[in-house]
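Colleague: I'm new to reading structures, and I'd like to know where the words come from. Could you take me through this one?

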There are 2 protein chains.
Amino acid sequence: MAKKILTISREFGSGGRTVGKRAAELLGVPYYDKELVKEVAAKTGFTERFVEQAGEDAPGKTWFSAMLLGSGLPGAMNGLSANDFLWAIQYQVIQELAEKGPCVIVGRCADWVLRDREDCLNAFIYASEEKRAQRIVRQYGQSEKRPEKRLEDKDKKRRVYYQRYTTRDWGDPENYHICLNSGVLGIEGCARLLVGLME
Amino acid sequence: MAKKILTISREFGSGGRTVGKRAAELLGVPYYDKELVKEVAAKTGFTERFVEQAGEDAPGKTWFSAMLLGSGLPGAMNGLSANDFLWAIQYQVIQELAEKGPCVIVGRCADWVLRDREDCLNAFIYASEEKRAQRIVRQYGQSEKRPEKRLEDKDKKRRVYYQRYTTRDWGDPENYHICLNSGVLGIEGCARLLVGLME
C-alpha cells in the first residue's frame, strides 16, 4: 500500500526535525510539529509553551501514575496529570491531521498513535553521540551542561515519555520501518531517501 | 565518500541474505557468503561445514574465553578455541576480499571487521517476529521446534558471537548506517534502496 504519512522519531541532535521539514518540502505536503502544538493549545486553553514541554515529558510522579495505568484502572481516582490529559488531546489531534491528508509528523509518538493505519511510513533518525554533540552545540550553542549530558537528559525524557504512553521501547527498530544514521547519510540524504520511499 | 562495499547484518528469517544477493546482482559486484566460507576452509583445512557453523557460533566455554579476552591476556594460556582461530582467519579473508574491490558481504561481523574503511555502507535487516516466523517455515519447512523458538535460538547465537568478537551489541542501530524492516519494505524494496545509496 502506498504511504501517505511520514512519521519521524529521532534522537536529540540527530537533525530528525530538519529531515522531516525537508522531506515535507520535497513532497509538497504539510509538516506538523509546531502546528500540532498550536492546535492542542487551542483545544485545551494551555499556552503553547506548556503544551510543547508537556508533549515530550512524562509527568514527574511517574511511579504513581504508572501504578494506576499498570493496574488497568485509569480513572479509578480523580487524578489525571496535565501530561496525561494533553496526551489524550494530542492523540486526537494527530489522528485528525492524518485524516486530512498526506503529511509529515515529527515526534509525539505519532508512529504509535497512527499504528492502525497502513499508509504510514515510520522512520527513526539517529546518529553517533559525537555527531549529535557537535550538532547541538552548533544549533543551540554551549550551555553549562556538557553536550553529552544534554543529549542523555533529553533522550531519557523522550524514552520515558514514549514508554509511558505506548508501552514500547523508544528507538527499538521493531517500532519503525526504517532507521537512518543521519551522521553518515546526511540530513539531505535521509530526506531524499524517505521521499523516494513515499513516492 | 562513495561507498563500494555493502555489509549486511540480519536477523534470522528477515531475508537479509536474499537482500544481499539481490543487491549484488543489481550492482553487478560479487556477493560473499559461501565463498567466504570456502576461502576460510581452504586456508585452514577445516571442512566448509565446520567453518560455516563455527563462523556464527561463539565457543561453548565462553565464560573462560571471555575471562581471557577480558583480561587483556589472550595467549596467556595455550588455548585458543577453534572458533577463535577461525575468527582470526576469517578476519583476514574479509579484509582481503574488501581490498579486491566492490562487493557485498553478508554476516560475519563484516561491518566491524571493515570499520576503518570509509567506503562501506553497513546495513541491518530486520522484521517483526511474525513475518520472520512465516518466512522460515516457508523457506526451511517445519521442525519440531516452534518457529519463534528457532528465531530466538539463532539470533541469540548471532548476538553472542557478535558481542564476543566486536564487544558491541548486535542489532544496535549505532553500529549501522541504515536499518531496514524487510517485512514492510520487502526484499526487493530493501535491495533497491541499498543499491540507490551505493550508487
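Modeller: Sure, here are some questions and answers about this predicted model.

Colleague: How do you know that chain A and chain B are related as by a two-fold rotation axis?

Modeller: Try laying chain A on chain B: a rotation of 180 degrees does it, with 0.0 Å of shift along the axis and an RMSD of 0.0 Å. The two copies are therefore related as by a two-fold rotation axis.

Colleague: And which residue of chain A comes closest to that axis?

Modeller: That's A:C179, whose C-alpha is 2.4 Å from the rotation axis. The same surface serves both copies, too: 100% of the contact residues of chain A recur in chain B.

Colleague: What makes up the interface, in numbers?

Modeller: On the contact count, 20 residues of chain A touch 20 residues of chain B. Together the chains bury about 1,400 Å², with 61% of that on carbon and sulfur atoms. A:Y126, A:E174 and A:H177 supply 34% of the area that chain A buries against chain B, more than any other three residues.

Colleague: How many salt bridges cross the interface of chain A and chain B?

Modeller: The rule finds 0 there, although a search of the whole structure gives 28 over all chains.

Colleague: Why is the pair A:D33 and A:R108 called a salt bridge?

Modeller: The cut-off is 4 Å from a side-chain nitrogen of Lys or Arg to a carboxyl oxygen of Asp or Glu. The side chains of A:D33 and A:R108 meet at 3.6 Å, N to O, so the pair passes. A:D33 sits in the loop between β2 and α2 of chain A, and A:R108 in the loop between β3 and α6, so the bridge ties together parts that are 75 residues apart in sequence.

Colleague: Why are α7(B) and α8(B) called roughly perpendicular?

Modeller: Angles of 65 to 115 degrees count as roughly perpendicular. Helix α7 and helix α8 of chain B pack at about 95 degrees, with their axes 9 Å apart, so they get that name. Among the residues that meet are B:I136 and B:Y140 in α7(B) and B:P147 and B:L151 in α8(B). By class, this contact has 6 nonpolar, no polar and 5 charged residues.

Colleague: What makes α5(A) roughly perpendicular to α8(A)?

Modeller: Their axes cross at roughly 70 degrees and come within 12 Å. The range begins at 65 degrees, so α5(A) is roughly perpendicular to α8(A). A:N83, A:D84, A:W87 and A:Q90 of α5(A) make the contact with A:Y161, A:R164 and A:Y165 of α8(A). Sorted by class, that gives 3 nonpolar, 2 polar and 2 charged residues.

Conventions
Residues numbered from 1 in each chain as written. Chains lettered and ligands numbered in written order. Predicted model: local features only at pLDDT ≥ 70, side-chain atom pairs only at ≥ 80, totals over all residues. Heavy atoms only, no water. Least-squares fit on C-alpha atoms with pLDDT ≥ 70 in both. Contact = heavy atoms within 4.5 Å. Axes fitted to C-alpha atoms, helices over the stretch in contact; angles between N-to-C directions. Helix = DSSP H or I, 4+ residues; strand = E, 2+ residues; numbered from the N terminus. Parallel < 35°, antiparallel > 145°, perpendicular 65-115°, else oblique. Nonpolar A, V, L, I, M, F, W, Y, C, P; charged D, E, K, R; others polar. Buried area = accessible area lost by both parts, 1.4 Å probe.
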